[in-house]
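Q: Could you take me slowly through one part of this model, explaining each term as it comes up? I would like to see how a single residue sits among its neighbours.

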Amino acid sequence: MRHLMASPSVFLLLRSGDDWWDEVNNSVLWQDRIFHTLAVLYGLMFAVALIQLVRIECRASEFGWTTQKVFHLLNFLVNGGNYFVFLASIIVTCSHDTLISCCCFVTPALQLGH
């Protein structure tokens, strides 16, 4: 049985792999971009769930509340809530108001029931 030994360059590469995370973790620009990207994605899912709910209701209104309609309604509510929390967080961090920022950052914990 042959033992595979990694070359020193592999160890250096693995060791330098932590550097990108430190760079992203310490960069306000990266964190803002990731935060805004998440806000946009939640907004997109919010809009798609609403469009799907309306489309299904127009096509099959005689069936009442089916599982598919409830699913899209819940997607609409959850993604809409997360989208508005992200938007409120962005607005609050720009305004530097302590009371509003405390209320805004406690809201996600209230949604989860913690």
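A: The chain has four helices and zero strands, and from the N terminus on its elements run α-α-α-α; here helices (H or I, at least four residues) and strands (E, at least two) are DSSP runs, numbered from the N terminus. This is a predicted model, in which local features need pLDDT of at least 70 and side-chain atom pairs count only at pLDDT 80 or more, while totals for chains, interfaces and linings use all residues. Residues are numbered from 1 along each chain as its sequence is written, and side-chain values use heavy atoms, with hydrogens and water left out.

The term pLDDT stands for the predictor's confidence in each residue, from 0 to 100. The chain averages a pLDDT of 78, and 68% of the residues score at least 70. Among the elements, α2 has the highest mean pLDDT (90), whereas helix α4 (residues 98-112) has the lowest (63).

The part to look at closely is F86, which is found in helix α3 (residues 67-95). With a relative accessible area of 15%, F86 is buried, because buried means under 20% relative accessible area, exposed over 50% and partly exposed in between (1.4 Å probe, protein chains only). Buried residues make up 20% of the 114 residues in the chain.

Leaving aside neighbours within four places in sequence, F86 is in contact with F35, L38, A39 and Y42, where contact means heavy atoms within 4.5 Å. The C-alpha atoms of F86 and G43 are separated by 9.4 Å, although these two residues are 43 residues apart along the chain. For the chain as a whole, residues 24 or more positions apart account for 48% of the contacts with a separation of 6 or more.

One of the partners of F86, L38, is found in helix α2 (residues 28-59), and L38 is partly exposed, with a relative accessible area of 37%. L38 also belongs to a nonpolar patch on the surface, formed with W30, I34, L41, L44 and V48, and these residues together have about 540 Å² of accessible area.

Another partner of F86 is Y42, and Y42 is also touched by N79, which touches M45 and F46 as well, not counting residues up to four places away in sequence. N79 has its place in helix α3, and at 10% relative accessibility N79 counts as buried.

Technical notes
Patch = residues over 30% accessible without salt bridge, like charges linked within 9 Å, V, L, I, M, F, W, Y side chains within 5 Å. Areas by Shrake-Rupley, 256 points an atom, 1.4 Å probe, with all protein chains shown as cover. Salt bridge = Lys/Arg side-chain N within 4 Å of Asp/Glu carboxyl O.
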